[in-house]
Amino acid sequence: MKKVVSLILGLTLLVGMLGACASGTDKSGKTATVPNETVEESTTTDSTTTDSTTTESPSGEKVDIQFWHHHSGGTAENLESMINKYNKLPDRKATVTLQYLPKNELLKRYALGVISGDLPEVALTDNADTLSFAAMGMYVDITDRVNALEHPDFLPHALNSGNYNGKQYSVPIRSNCLALWVNNDMMTEAGITEMPVTWDELLEVCKTLKEKNPNVYPLALSAVKTEDIVFQFLPFLFSAGASWDTMDSPEAIEALDFVKTLSDNGYISMEVINWSQNDVEKQFAAGNSAMMINGSWQLPNIKNDAPDLNYSIIKIPMNKEYASTLGGENIGMTIASEGNEDAVWDFMSWMESLDSSLEYNTLCGTISPNMAITKEMQYPDNEVMSAFIDQAQYAVARGPHPKWPEISGILQECIQEILTGTKTTKESAKNAAEKIAAIIG
Amino acid sequence: MTKKKTKFLFNFDKQSKVGLAFILPALVYMIIMVGYPIVYNWVLSFQDVSVFNMAQGVKRPFIGLGNYRMIFSNDVLPIALKNTFTYTIVSLFFQFVFGMLLALLFNKKFFLSKTLRGLLVISWVMPTTVTALLFKYMLSPDAGIVDSFLMMTGLIKEPVGWLLKEKTAIWGPIFANIWTGIPFNMLLLSTGLSGISEEVYESAGIDGANALQQFFKITLPLLRPAIMSVLVLGFVYTFKVFEHIFVMTAGGPVNATEVMATFSYKLSFRNYYFGQGAAVANILFLILFCVALIYLRLIRKEESM
């Protein structure tokens with residue numbers, strides 16, 4: 001008997017240990033919500049939690065719908081104010097509840113939701129992530145609805161990021177891109193009057209800055225092994241005339257070598273491989289670097305961290321042509337909307353209306369993806385944002401490809417291998433090209 | 001005996017039935033909440049799951065050992081396995097040694113010993129993410145205290161950049177984990193120590209045993225159960241390491257700090273190859289299963305002693 005008892009006890013212990021490591025499948029089922037104080041506190045609608053399955057009320061006038069997103073801080077507040085505005089419209093068809101989840105958690109919940117059915121009606125994703133979920137079958141086809149919008153002309157790359165096999169599954173709500181931020185005072189101190197336009201000029205400027213002020217890194221960029229490194233490297237790749245599916249081309253190797261040159265000469269800190277784009281902003285704000293590559297979404301942070309910083313925004317220096325990466329998010333209608341598509345679209349089309357798009361993007365300091373909204377409409381007399389909009393003309397979105405996360409992982413590895421000197425540029429680029437070719441077939 | 005056993009399964013007397021009723025809720029809970037995910041995970045590991053067929057559920061094609069073949073040909077797996085073992089064994093060794101030394105120290109009752117012991121636990125109760133961030137900053141070459149200190153003492157000429165080089169990166173999370181785990185070891189060992197009666201030491205002292213002899217002949221043998229649970233629990237907790245690595249290096253530079261848990265996570269939730277992710281998790285499972293079996297054997301030996 002003693003044996004049996006100890007065996008049962010042992011098994012219990014074992015099972016307990018393993019429960020925690022079973023690939024997270026069970027975990028996320030149990031950890032119900034990761035509430036965000038700012039969002040939850042001030043949501044005006046009835047306090048629905050994510051766990052309650054989608055509340056559908058065919059008989060009632062207004063349908064309760066869920067909207068999941070990964071924004072925190074200022075962006076979350078802006079999104080919330082938009083939702084509050086919609087929820088007060090008398091003739092609306094839906095009542096929207098926002099739910100914040102940290103980005104990794106959000107993607108995990110979407111993927112699991114495709115299997116379990118626990119999905120919001122409206123799903124926000126980064127444009128590079130959208131097609132994975134389209135391929136999984138998370139969305140409802142909204143091609144006709146999008147075409148029927150009053151102003152259906154979006155930035156082509158932004159719209160295309162939600163298009164899978166010719167069908168539109170999601171629409172862009174915000175766009176942004178990377179540009180070069182320059183600390184004007186440091187430039188003046190180093191006697192630099194001409195802003196760099198080409199890669200060679202950028203190297204020259206870096207050299208001068210480094211000589212004049214060895215304690216400050218001339219440039220900061222993010223090379224952490226997440227999506228950030230790819231986002232930040234693509235402008236160089238595109239500018240050289242290559243793309244992520246031609247990694248072993250001479251052009252791609254030129255771009256990779258250029259970044260390596262920046263690192264080898266100490267123009268960027270060796271710590272960049274652990275810096276996220278937010279870390280880069282902190283470095284620039286603290287005056288630890290004279291220039292940085294970053295997006296307009298950092299404007300509120302810079303304002304907060306270094307209100308007196310004298311900076312300007314210019315295009316990222318180019319090799320053959322100007323280039324940048326187009327970021328931003330899409331919203332899509334998920335399969336949880338079944339039976340309530342019209343009500344859900346009522347909200348989505350309101351978000352996509354010119355007024356809402358203008359208001360939301362202006363609040364956030366981002367660029368409206370709707371081409372009916374001109375630079376003058378959105379940012380009159382705003383030099384900084386005008387510069388970003390100018391740069392956005394050259395911006396290309398990542399992918400789009402349903403296996404983008406995997407492709408991105410290969411690119412991340414490749415660039416880090418080169419920056420850390422683990423492999424030569426050629427070797428690493430060839431390896432990456434082969435792996436990517438195998439994925440896209 | 002055999003007769004009795006078959007009876008045990010099929011023919012309950014009244015008392016057994018009552019007993020069964022008592023364990024039933026717990027059993028049902030275990031089967032649903034713990035057993036099901038594990039079984040599901042095994043099934044998943046034999047299926048081809050990618051973004052294109054995820055939603056099909058049960059109808060996803062079974063591909064036998066295909067996922068295992070894929071991960072065994074993945075060049076990250078050997079790195080992840082090696083890192084996981086290095087991480088676990090090195091962490092466990094230092095946590096245990098320091099934990100034991102501190103436990104012995106605080107076992108001597110001196111002024112403020114209880115308070116100090118309580119304060120030490122802070123490193124264990126601190127959220128892992130916070131610890132990881134702290135160590136990330138401390139190990140930074142430009143502003144971190146570790147490199148500045150080493151340079152001040154003249155041990156190194158220029159900052160090492162611990163987390164930035166493939167050879168040294170894994171030591172960052174190891175340091176962080178050792179620091180986190182010491183109080184846990186200390187507490188469990190302290191509890192064990194307080195269970196050893198003073199009289200044993202007294203009589204040993206009278207017989208002329210010195211401190212070292214007392215430690216090896218009395219403390220260690222009597223502390224055996226506590227030591228074993230500390231090591232096994234420590235092994236299991238450390239083997240599943242995720243946060244330290246994820247926060248400090250995200251598996252980089254390149255793949256230098258990838259461990260089984262982060263590898264599985266990335267396969268499942270970044271590339272959406274749930275089958276392969278499940279296969280990695282199951283390898284982790286099998287290793288821990290072996291550890292648990294060894295533990296059970298040791299316990300049984302103990303009981304029969």
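A salt bridge is taken here as a side-chain nitrogen of Lys or Arg within 4 Å of a carboxyl oxygen of Asp or Glu. In this predicted model, Lys320(A) and Glu254(A) form such a pair, with an N to O distance of 3.9 Å. Lys320(A) lies in the loop between strand 9 (311–314) and strand 10 of chain A, and Glu254(A) lies in helix 12 (residues 250–264), so the salt bridge ties together parts that are 66 residues apart in sequence. Glu254(A) is partly exposed, at a relative accessible area of 35%. By the same rule, 18 salt bridges are counted over all chains.

A second pair in chain A joins Glu329(A) and Arg174(A), at 2.8 Å from N to O. This salt bridge links distant parts of the chain. Glu329(A) belongs to strand 10 (residues 324–333) and Arg174(A) to strand 6 (residues 170–183). The two residues are 155 residues apart. Both Glu329(A) and Arg174(A) are buried.

Helix 12 of chain A also holds a local pair. The side chains of Asp264(A) and Lys260(A) meet in a salt bridge of 3.4 Å, N to O. Asp264(A) and Lys260(A) are separated by about one helical turn, because they sit 4 residues apart in this helix. Asp264(A) has a relative accessibility of 53% and therefore counts as exposed, the cut-off being over 50%. Elsewhere, salt bridges with shared partners connect Lys103(A), Asp126(A) and Asp129(A) in one network.

Chain B was examined at the level of the whole chain. Its secondary structure comprises 15 helices and 0 strands. The radius of gyration of chain B is 24 Å, whereas a compact globule of 305 residues would have a value near 19 Å. Along the principal axes, the C-alpha atoms of chain B fill a box of roughly 70 × 70 × 30 Å.

Of the 305 residues in chain B, 45% are buried. Among contacts in chain B with a separation of 6 or more, 65% come from residues 24 or more positions apart. The accessible surface of chain B amounts to about 16,900 Å². Carbon and sulfur atoms contribute 72% of that surface. Chain B carries 26 positive and 15 negative charges. The mean positions of these two sets of charges lie 11 Å apart.

Notes. Residues numbered from 1 in each chain as written. Chains lettered and ligands numbered in written order. Predicted model: local features only at pLDDT ≥ 70, side-chain atom pairs only at ≥ 80, totals over all residues. Heavy atoms only, no water. Buried < 20%, exposed > 50% of the residue type's maximum accessible area, 1.4 Å probe, protein only. Rg over C-alpha atoms; globule rule 2.2 N^0.38 Å. Contact = heavy atoms within 4.5 Å. Areas by Shrake-Rupley, 256 points an atom, 1.4 Å probe, with all protein chains shown as cover. Lys, Arg positive; Asp, Glu negative; His and termini not counted. Charge placed at Lys NZ, Arg CZ, Asp CG, Glu CD.
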